[in-house]
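Notebook open, fresh page. I want to walk through this fold piece by piece and jot down what I look up.

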Amino acid sequence: MRVSVFGLGYVGCVSAACLARDGHEVFGVDINQSKIDLIAGGLSPIVEPGLDELLRNVVISGHLQVSTDAADAISKSDVSLICVGTPSNNNGSINLHYVERVCREIGTILANKDKYHVVVVRSTVLPGTVREKLIPILEESSGRKAGYDFGICMNPEFLREGSAIKDYYSPSYIVIGELDESSGDAV
């Protein structure tokens, strides 16, 4: 598959590297140029055993490309994983600013994409967030309808720091929440 990964922090970097290792064509996107430069050089921006070597191999093989260009990544991919951070607010609630911003950006790009594209939320969000907040943002910014013009799924991550690569390949759970069957099948 051709997959774009938005957010190259813990979840995004591990997911991108593992997908690329499995032979998928992966396009990593992040707004932090320093992170992009590290990964493009085969170095991990996070501390995770085995990730430097894995990144080096998939970058050299060409299965993982990274940039700050979201439009280019989406134009080259069929599925986009949203893996941006959801830090806590002062009151303990989840801050959705980064997820909402990426959804707005993806939606704007999808407005000009003719091919069906699946958006997958892997960031930590509460139940109902995708349907109540993220789908409306994607639909408004794209002018398109979720489940018809583009797909959307929820695929929460279960990666532990220090064993994320192992957890990726041997997950305790795999959860896919699909809006439409073809999106779920793609994920």
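Ground rule for pairing: I call two strands paired if DSSP finds at least two bridges between them. Helices (H or I, at least four residues) and strands (E, at least two) are DSSP runs, numbered from the N terminus. This is a predicted model, where local features need pLDDT of at least 70, side-chain atom pairs count only at pLDDT 80 or more, and totals for chains, interfaces and linings use all residues. Residues are numbered from 1 along each chain as its sequence is written, and side-chain values use heavy atoms, with hydrogens and water left out.

**Entry 1: the sheet**

I started with the strand order. It reads β3-β2-β1-β4-β5-β6-β7, an open sheet of seven strands with mixed pairing. At the edges I find β3 and β7 (177–178), each pairing on one side only. Reminder to self: strands of a sheet pair through backbone hydrogen bonds, either parallel or antiparallel.

**Entry 2: β2 and its neighbours**

How many of the five residues of β2 are buried? I count as buried anything under 20% relative accessible area, as exposed anything over 50%, and as partly exposed what falls in between (1.4 Å probe, protein chains only). Four of the five residues of β2 (residues 25–29) are buried, so the rest of the structure largely encloses this strand.

On one pairing, β1 (residues 2–6) runs parallel to β2, joined by five bridges. V5 sits opposite G28 there. I also traced the connection: β1, helix α1 (residues 10–21) and β2 form a right-handed β-α-β unit. Right-handed here means that, with the strands pointing away from the viewer, the path from the first strand over the helix to the second runs clockwise.

The other pairing I checked is β2 with β3 (residues 64–67), parallel over four bridges. F27 has Q65 as its bridge partner in β3, and V29 has S67. The side chains of β3 alternate: L64 and V66 point to one face and are buried, while Q65 and S67 point to the other and are not.

**Entry 3: T68, just past β3**

I looked up T68 next, in the loop between β3 and α4 (70–76). Buried or exposed, or partly exposed? T68 counts as partly exposed because its relative accessibility is 41%. For contacts I use heavy atoms within 4.5 Å. Leaving out residues up to four places away in sequence, T68 touches V29, D30, I31, Q33 and I36. I also took a C-alpha to C-alpha distance to V11: 17 Å in space, with the two positions 57 residues apart in sequence terms.

**Entry 4: β6**

Both faces of β6 (151–154) are covered, with G151 and C153 on one side, I152 and M154 on the other, all buried. β5 (118–121) runs parallel to β6, joined by four bridges, and V118 stands opposite G151. With β7, β6 pairs in the antiparallel sense over two bridges. There the partner of M154 is G177.

**Entry 5: α6**

I then followed the helix that links β5 to β6: β5, α6 and β6 make a right-handed β-α-β unit. α6 (residues 129–142) has 14 residues and reaches 18 Å from first C-alpha to last, close to the 20 Å expected at 1.5 Å a residue. That expected span is 1.5 Å times one less than the number of residues.

Where does α6 bend? The bend is about 30 degrees at I135, and a proline, P136, follows within four residues. I take a bend as the angle between axes fitted to the seven residues ending at a position and the seven starting there.

Among the buried residues of α6 I noted L134, I135, I137 and L138. The buried set packs against α5 (97–110), β5 and β6. After α6 comes G143, whose phi is positive, near 75 degrees.

**Entry 6: helix directions**

Last lookup. α5 lies across β1, β4 (79–82) and β5, running at about 165 degrees to β4. α6 packs on the sheet too, touching β5 and β6, and its direction makes about 150 degrees with that of β6. Axes are lines fitted to C-alpha atoms, for helices over the stretch in contact, and angles run from 0 to 180 degrees between N-to-C directions.
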